[in-house]
Structures are given as C-alpha cells and as structure tokens.
Amino acid sequence: MKLPVPDATPLLEAKGATMRFGGVVAVNEVDFTLREMELRCLIGPNGAGKSTFFKMLTGQLKPSAGQIRLRGENVTGAEPHHIARRGVGIKTQVPNVFNGLSVYENVFVAAGRRKSRASAKRITEQTLERVRLTGITGRMVGQLAHGQRQWVEIATVLAQEPDLILLDEPAAGMTHDEVLRTAELIREINRAQALIVVEHDMQFIRMIATTVTVFNQGRILVEDHVDRVMANQAVRDVYLGKQAA
Amino acid sequence: MSSVPSGWRGCLLVILAGFVLLFGLPQVVSLYGVVQMTVFVAMAVFALSQGFIWGFGGIMSFGQSAFFGLGGYVYAVSVINMGDSTIPVLLAIAVPAAFAALLGYFMFFGRISDAYVGVITLTVTIILFNVVNSTSGDFYTIGQAALGGFNGMPNVPPLNVPGYPDAAFGPIDTWYFAMGALILVYILLRGILASRFGRVVVAIRENETRVQLLGYDARVYKLLVFTIGGGVAGLGGCIFTNWGAFISPTIFGLASAAQVLIFVLVGGLGTLVGPVLGAFGIEYLISIIGTQQTLNANLVLGAVLVAFVLLVPQGLVPVVWSGIGRLLPRRFAGTGEQTAEAQS
C-alpha cells in the first residue's frame with residue numbers, strides 16, 4: 001500500500017513535455033496536470049500527439065525535453081516497467097495482448113506480479129467478473145473479436161491494480177452495447193482510480209467526461225468542461241466539424 | 001505460434017516413456033544400438049535448450065552450438081586436468097551458462113532487436129569455431145590438455161563414479177547418465193514453464209511490450225531463460241564428448257548450429273517433446289542414410305527440412321497432438337479451458 005499523499009501534489013504532472021522525431025515535433029511543450037481520482041478525456045484530430053503523449057507518460061518513448069512527475073517523483077525517461085510499478089497502467093491504441101494465451105492467463109500474468117498465488121488468483125477472478133469475461137476464460141485471445149480483445153486488455157490493466165489508468169481509444173471497434181458497457185465500466189473504475197481516456201467518439205465522451213483536454217498539432221488547444229469544449233469555436237474548427245452538432 | 005496444451009497428464013506420459021527407454025533400451029538393443037542412442041540423447045538435450053529459449057522464450061539464438069561446444073570443451077579440458085569427472089560435469093554446465101549470461105546481458109540490456117540476436121549468436125559460434133580451429137600446436141595447452149586445433153581432442157577420459165576416478169563409466173553407464181540427464185532436464189524445463197516465472201516468459205514471447213507495461217522487467221526474464229538454455233546446451237555438449245571420447249571444432253560450426261534448428265522445427269516449435277523427437281528422428285535418419293550409398297545425406301536432410309517448412313510448418317508434435325485431440329473425447333485432449341485451469 002502506498003502512503004496517503006497530500007492533495008497538493010498532483011498524481012501526474014507533465015511540464016514542457018516535448019517529443020521530436022527528426023524534424024517533426026509530435027508533442028510540443030505540453031503542460032498537463034491530473035489530480036488524484038480525476039477522470040480526464042483527451043481529444044484531438046489524428047496526429048495531434050495524443051498517443052505519443054501516452055507513450056511518453058508510460059516510458060515507451062523518452063521525452064526529448066521536459067519533465068514528467070508521478071506524485072512528485074521525476075520519472076522522465078524511466079523504463080516502462082519502472083513506471084508501471086509506480087502505478088500506471090495503459091490500454092494501448094492497438095491492443096497489446098498475449099494472443100497465444102487464454103483470457104484467464106492474460107489476466108493472471110497481469111495480476112501476479114509480486115503477489116501471492118492465491119491473491120493473484122482472486123484478483124484474476126474478480127477482474128474477469130467485473131469486465132464480464134467469465135464465459136470465455138479458456139478461449140485463446142488471438143481468436144476473439146476486436147471488442148472482446150479490447151476488454152481483455154482493459155482487464156489486464158485493471159488486474160495490475162494501478163492508480164492511474166490510461167485508455168487509448170477503448171471503445172474503438174465495439175458495438176453500441178459494448179460502448180455503453182465500456183462507458184459504465186469507466187465511471188465505475190473512476191470511483192477508485194484516476195483515468196485519462198483518449199477517444200474520438202463524441203457521444204462516448206459526453207457519457208463519461210467532465211473535463212476535456214483538446215490536443216492539436218502537439219499542443220494543448222483548450223482544457224475545459226466538456227460542454228464548453230464542445231461549444232468552443234476553435235475546437236469545432238480543428239476537429240469536431242459538423243458531427244458534434 | 002501455438003503452444004501445445006501442457007497438462008500434467010501429457011507431462012507424466014513423457015516422463016514415463018523416458019524411464020521405459022532408460023531402463024528398457026539396454027535390455028532389447030545391442031551395445032552398438034545403445035551407444036548410437038547415447039549420441040541421439042546428447043543431441044536431444046542440445047535440442048531441448050534450443051527449443052526452450054526459442055519456442056518459449058522467443059529468443060532467436062542461431063548459435064546455440066556455441067554453448068553446446070563450450071560444454072564439450074570445458075568438460076574435456078577440465079577432466080584431463082582433474083582426473084575425477086564430477087567437477088568437470090558441473091563446469092560443463094556452469095561455464096556455458098555464465099558465458100550465455102554475459103552475452104545475454106549485452107544483447108538484452110543493450111536492446112538488441114530479435115533479428116540481431118540471431119546474427120550475434122551465429123557470429124559468436126563462428127568466432128569460437130575459428131578460434132578453436134587455430135589452436136594447433138604445443139602453445140595452446142590448458143594445464144595438461146592440448147586443444148589440438150582442427151584435429152580436436154582425442155582420448156577424453158570418460159565419466160566416473162563421483163569421487164572414484166578409477167571407476168570409469170562403460171557405454172551402458174554412460175547411456176544411463178545421458179538418458180537420466182535428458183529426463184531431468186525435461187522435468188526441470190517443464191517445472192520452470194509451469195511456474196509463474198514460466199508464464200511470464202511465454203507472455204514475453206507473445207508480447208514483450210505488454211509485459212513491460214504490466215511492470216515486469218522483460219530483460220531480466222530473457223537473460224535468465226538464455227542462461228538456463230546455455231547451461232542445458234553445455235550439458236548436451238558434455239554428453240556428446242563422452243559418447244565419442246572426442247571433441248573437435250566442428251561442434252561450433254555452421255552445420256552444428258543449423259542442425260539443432262532443424263531438430264526444433266521438425267519436432268515442433270513451442271513444445272519440449274518436439275525438439276527431443278526431432279533430434280531422435282533426424283539423427284536416426286542420418287544414421288540410416290549413412291549406411292547406403294545411393295543418396296547424399298545432406299541432400300535428404302535438406303529435402304526433409306524444406307518439406308516440413310512447407311507442409312508441416314508447426315512441426316510434428318503440435319500436428320499429431322491436435323489430431324489426437326480431434327479423435328479423443330475432450331477430457332483426454334486437454335482443451336484450452338482445462339489448460340487454463342491446470343495452469344492457474
């Protein structure tokens with residue numbers, strides 16, 4: 001168990017976070033703060049730098065400049081496993097799952113790090129139930145439909161019991177019912193854990209969001225309440241177009 | 001890459017078959033046959049090391065012969081110097097394992113990509129081949145052991161009863177040692193794979209990024225798998241040297257490095273029984289072809305490999321296993337559901 005941290009220290013803080021690939025600046029001096037237990041949505045057109053930002057937060061990319069702090073601890077440029085151990089879990093845009101393992105094993109591997117076999121088993125079973133995968137625990141993940149694979153990945157992230165969960169397009173490729181269930185699940189997760197969710201589906205955003213951060217061309221364009229963001233003319237211009245109306 | 005269901009029933013069956021072979025073979029086969037089987041077993045241990053790190057760890061070592069050969073040479077050099085074979089056998093496992101750990105440290109912590117791991121390991125075995133090949137003459141002796149360059153080292157003393165250098169092993173004793181070692185290695189690797197460490201190892205093969213994002217340091221796991229593989233290959237080399245009382249640099253050569261890959265591919269990548277059966281089958285085939293003059297052995301081997309890669313890319317064991325699974329009722333075949341429970 002982690003010690004309680006005073007509210008003054010944000011859960012996550014990025015200062016001037018920058019990612020350059022050769023001459024291209026994918027993420028440009030982004031300042032971003034997330035409080036404990038906060039639920040934040042990240043939107044922006046394709047190529048705005050959202051997924052790159054996630055990769056910087058999880059150590060998959062080392063920032064070219066700037067700083068990333070988790071509860072005040074500087075984790076800039078740390079290895080992915082190091083950041084994961086500090087309590088960050090991510091569902092990536094392209095599902096990263098173990099195709100050749102069963103649903104159960106996928107979640108069990110996630111639940112089992114530094115825990116007793118019994119508690120790993122308990123967490124696995126609870127998580128599978130929570131994400132409603134109990135009916136297919138023995139199936140190979142490689143054979144599942146895209147929506148189900150997404151949930152397997154969400155289940156592995158939950159089984160890891162992180163304090164901060166990053167979800168990169170969690171509703172992509174899901175049916176309408178699955179999207180509703182995912183939104184419900186996110187609100188449920190948020191009772192105990194902080195989340196950042198990248199999504200394109202505006203209806204989905206409205207279902208879960210309070211504060212929305214809009215990325216555009218590697219920078220933060222706006223950060224505000226969801227209703228004001230949807231009404232913002234600059235946001236409509238770069239991203240929403242007519243679909244939000 | 002599919003992993004064959006690894007329920008405890010299949011595992012017990014394999015161990016049982018191993019013991020039947022261990023005690024049964026000397027009863028039914030001539031001495032010549034037992035000696036021949038001993039070298040098959042040496043190759044099977046070698047194949048197990050390759051099958052373990054490649055099929056389960058996802059590490060593409062194309063130069064596993066480096067550790068096989070190292071095990072053989074370490075045994076030969078140390079047994080000539082020490083007389084008693086007990087410590088040399090342990091060294092034949094420990095030195096290749098340590099060398100694998102050193103090499104693996106630079107490869108995995110240096111973030112070398114999979115393809116380059118293949119290139120580097122292949123290069124290492126070729127370097128060892130060339131180095132040992134050029135050690136002719138009196139200058140290249142370690143203690144009393146002359147390395148002998150391309151001529152190799154003849155008259156390597158055989159194993160003996162631990163502590164009694166005069167009680168040397170005969171061919172039958174060597175068979176018991178070799179086959180016993182194969183069974184032990186199989187049990188050891190099975191145990192590792194059934195443990196939670198083993199589940200993470202297989203998970204790394206499936207998706208290294210995900211494993212890291214879950215907080216596991218994949219590099220440490222790969223390093224341990226590679227080190228274990230090096231030790232097992234070294235043990236195989238030790239058995240091989242004992243079989244012929246002889247070792248030469250060809251053990252490090254390209255043919256040796258490629259042969260073990262063929263064992264694994266033919267038997268079945270992602271299984272442990274597969275590489276063993278692959279080694280037995282291919283070695284048997286070679287010995288049969290060797291007794292006739294019509295066909296060139298390498299030509300036949302090449303044809304077998306091409307046929308397998310094209311027609312049975314999964315290898316023998318997975319194909320046979322799924323065939324059995326279709327014929328038998330579910331509870332014998334060990335379907336996914338059952339495997340998940342068995343491994344949980």
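In the predicted model, T182(A) is in contact with W151(A), P170(A), M174(A) and F204(A), when its neighbours within four places in sequence are left aside. This threonine is found in helix 6 of chain A, which spans residues 176–189, and with a relative accessibility of 1% T182(A) counts as buried, because the limit for that class is set at under 20% relative accessible area. One of the residues listed, W151(A), is also a polar partner, since the side chains of T182(A) and W151(A) make a polar contact at 3.2 Å, within the 3.5 Å allowed for such a pair.

A second buried position, P80(A), leads from the interior of chain A to the neighbouring chain. P80(A) has its place in helix 2 of chain A, residues 80–85, and its relative accessible area of 9% puts P80(A) among the buried residues. Apart from neighbours within four places in sequence, P80(A) is in contact with T58(A), G59(A) and Q60(A) of its own chain and with Q212(B) and L213(B) of chain B. The C-alpha atoms of P80(A) and L164(A), which are 84 residues apart along the chain, are separated by 14 Å.

The secondary structure of chain A as a whole comes to nine helices and ten strands. The radius of gyration of chain A is 18 Å, close to the 18 Å given by the globule rule for 245 residues, so the chain is as compact as a globular protein of that length. Taken along the principal axes, the C-alpha atoms of chain A fill a box of roughly 50 × 40 × 35 Å. Of the 245 residues of this chain, 56% count as buried, and among contacts in chain A with a separation of 6 or more, 66% are accounted for by residues 24 or more positions apart.

Salt bridges come to a count of 20 over all chains, and several of those in chain A join parts that are distant in sequence. E36(A) forms a salt bridge with R71(A), with the closest N and O atoms 2.8 Å apart. E36(A) lies in the loop between strand 2 (24–34) and strand 3 (39–43) of chain A, and R71(A) in the loop between strand 4 (65–70) and strand 5 (73–74), so the pair ties together parts that are 35 residues apart in sequence. Both residues are partly exposed, E36(A) with a relative accessible area of 26% and R71(A) at 25% relative accessibility. R71(A) also forms a salt bridge with D163(A), where the closest N and O atoms are 2.9 Å apart. Since D163(A) lies in the loop between helix 5 (146–159) and strand 7 (164–168) of chain A, and R71(A) in the loop between strand 4 and strand 5, this second pair ties together parts that are 92 residues apart in sequence.

The side chains of E223(A) and R40(A) likewise meet in a salt bridge, at 3.1 Å from N to O. E223(A) lies in strand 10 of chain A, residues 219–225, and R40(A) in strand 3, so that the pair ties together parts that are 183 residues apart in sequence. In this pair E223(A) counts as partly exposed, at 39% relative accessibility, whereas R40(A) counts as buried, at 3%. E223(A) and R40(A) are linked with R35(A) and E38(A) in a network of salt bridges.

At the interface between the chains, 25 residues of chain B are in contact with 36 residues of chain A. Chain B and chain A bury about 2600 Å² between them, of which 53% is on carbon and sulfur atoms. On the chain B side, R196(B), R210(B) and L213(B) lose the most area to chain A, together 27% of what that side buries; L213(B) is also one of the residues in contact with P80(A).

Across this interface there are four salt bridges and 15 residue pairs in polar contact. E79(A) forms a salt bridge with R219(B), the closest N and O atoms being 3.9 Å apart. The side of chain B that touches chain A receives at least two residues from each of helix 7 (196–206), helix 8 (208–213) and helix 15 (336–343) of chain B, and the largest share of that side, six residues, comes from helix 7. By class, the side of chain B that touches chain A has nine nonpolar, eight polar and eight charged residues.

Technical notes
Residues numbered from 1 in each chain as written. Chains lettered and ligands numbered in written order. Predicted model: local features only at pLDDT ≥ 70, side-chain atom pairs only at ≥ 80, totals over all residues. Heavy atoms only, no water. Contact = heavy atoms within 4.5 Å. Buried area = accessible area lost by both parts, 1.4 Å probe. Polar contact = N/O pair within 3.5 Å; in protein donor to acceptor, adjacent residues only side chain to side chain. Helix = DSSP H or I, 4+ residues; strand = E, 2+ residues; numbered from the N terminus. Nonpolar A, V, L, I, M, F, W, Y, C, P; charged D, E, K, R; others polar. Buried < 20%, exposed > 50% of the residue type's maximum accessible area, 1.4 Å probe, protein only. Rg over C-alpha atoms; globule rule 2.2 N^0.38 Å.
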